[in-house]
Amino acid sequence: HHAAHMTFLDGLGSLPQLSTYTKGALQQLKDDTMSKLMDLVPLADRDTLFTYIPRYDSSTSIQFGSFSIPKGAREVVKHAFNLQAPTTQDNAMRVVRACQVSKPILLEGSPGVGKTSLVTALANISGHELCRINLSDQTDLIDLFGSDLPVEGGGPGEFTWKDAEFLKALQEGHWVLLDEMNLAPQAVLEGLNAVLDHRGTVYIPELGRSIVRHPNFRIFAAQNPLHQGGGRKGLPKSLVNRFTKVYVEELSPSDLLM
């Protein structure tokens, strides 16, 4: 059941063909899908799916409900993000559930719903360094990977390679958040292909070598729906398939009153 949620149900709201659905209609579709799932894979008690809490070693991992994520090398940082609201807890649990596999995670939701804040809070709680990179139609691969720059104090025409933030994070095992993913130009998306799939490498022509990602390196991407904001384009299906998709739900009035 958790696998069905992670691979399909958690990203249901981000499907383009459902963009015209109202919140109530989308919830009804989810309920119908859950009923069908229960018919195919019956559970003696449906509530046990989310109430069963396994034990994890608190010295090596941070637990969120039924799942956990490994602790990073940093000290835990205090954060102002409130994880007590029911909808926020559900959103966080879906992201942590998606972290159980090594695929990158694509968060989609309306502007201001808290996609970036949620990933930042999880990074702070679990002790991971988070590198946030805002993408736009002006972003180039050198902004992600790096370039040859003049040597400080060097002679005329003396250049050396300098890693950009993405490449540093890839080598040091940090988390990366690629914000506004569906604003990035095609050249950037193609350049990220080898990092997002099973290869996990970046080839740097200037250095003549491929750089393999650190085992702790993880990519999150966030975007608004296509119909919310100009200049957005649908990501290629081959690229989307490299992600685990999570639709971030909006807060309800009862959440705001807590």
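This report looks at a group of aromatic rings and a pocket in a predicted model.

## A trio of rings

Let's start with the aromatic side chains: the structure holds three aromatic pairs. Take Phe145 and Phe166, whose ring centres sit 5.8 Å apart with the planes at 55°, so this pair counts as tilted. Phe145 belongs to helix H6 (residues 141–145) and Phe166 to helix H7 (residues 165–172), so their contact ties together parts that are 21 residues apart in sequence. Phe145 and Phe166 are both buried.

Phe166 has another partner, Phe217. Here the ring centres are again 5.8 Å apart, but the planes meet at 85°, so the pair is edge-to-face. Phe217 sits in the loop between strand E9 (209–212) and strand E10 (218–223), while Phe166 is in helix H7, so this pair ties together parts that are 51 residues apart in sequence. Phe217 is buried, just as Phe166 is. Put the ring pairs together and you get a cluster of Phe145, Phe166 and Phe217.

## The second largest pocket

Which residues lie nearest the centre of the second largest pocket? They are Trp175, Pro215, Asn216, Phe217 and Arg218, out of 20 that line it. So Phe217 turns up here as well as in the ring cluster. The space in this pocket comes to about 360 Å³.

Strands E2 (67–70) and E10 each bring at least two residues to the lining, and E2 gives the most, with three. As for chemistry, the lining of the second largest pocket has 10 nonpolar residues, six polar and four charged.

Definitions and conventions
Residues numbered from 1 in each chain as written. Predicted model: local features only at pLDDT ≥ 70, side-chain atom pairs only at ≥ 80, totals over all residues. Heavy atoms only, no water. Phe/Tyr/Trp six-rings, centres within 6.5 Å; stacked < 30°, edge-to-face > 60°. Helix = DSSP H or I, 4+ residues; strand = E, 2+ residues; numbered from the N terminus. Buried < 20%, exposed > 50% of the residue type's maximum accessible area, 1.4 Å probe, protein only. 1 Å grid on protein atoms, 1.4 Å probe; cavity = no way out; pocket = protein on both sides within 12 Å on 5 of 7 lines; lining within 4 Å. Points joined across faces, edges and corners; volume = space filled by probe spheres on them. Nonpolar A, V, L, I, M, F, W, Y, C, P; charged D, E, K, R; others polar.
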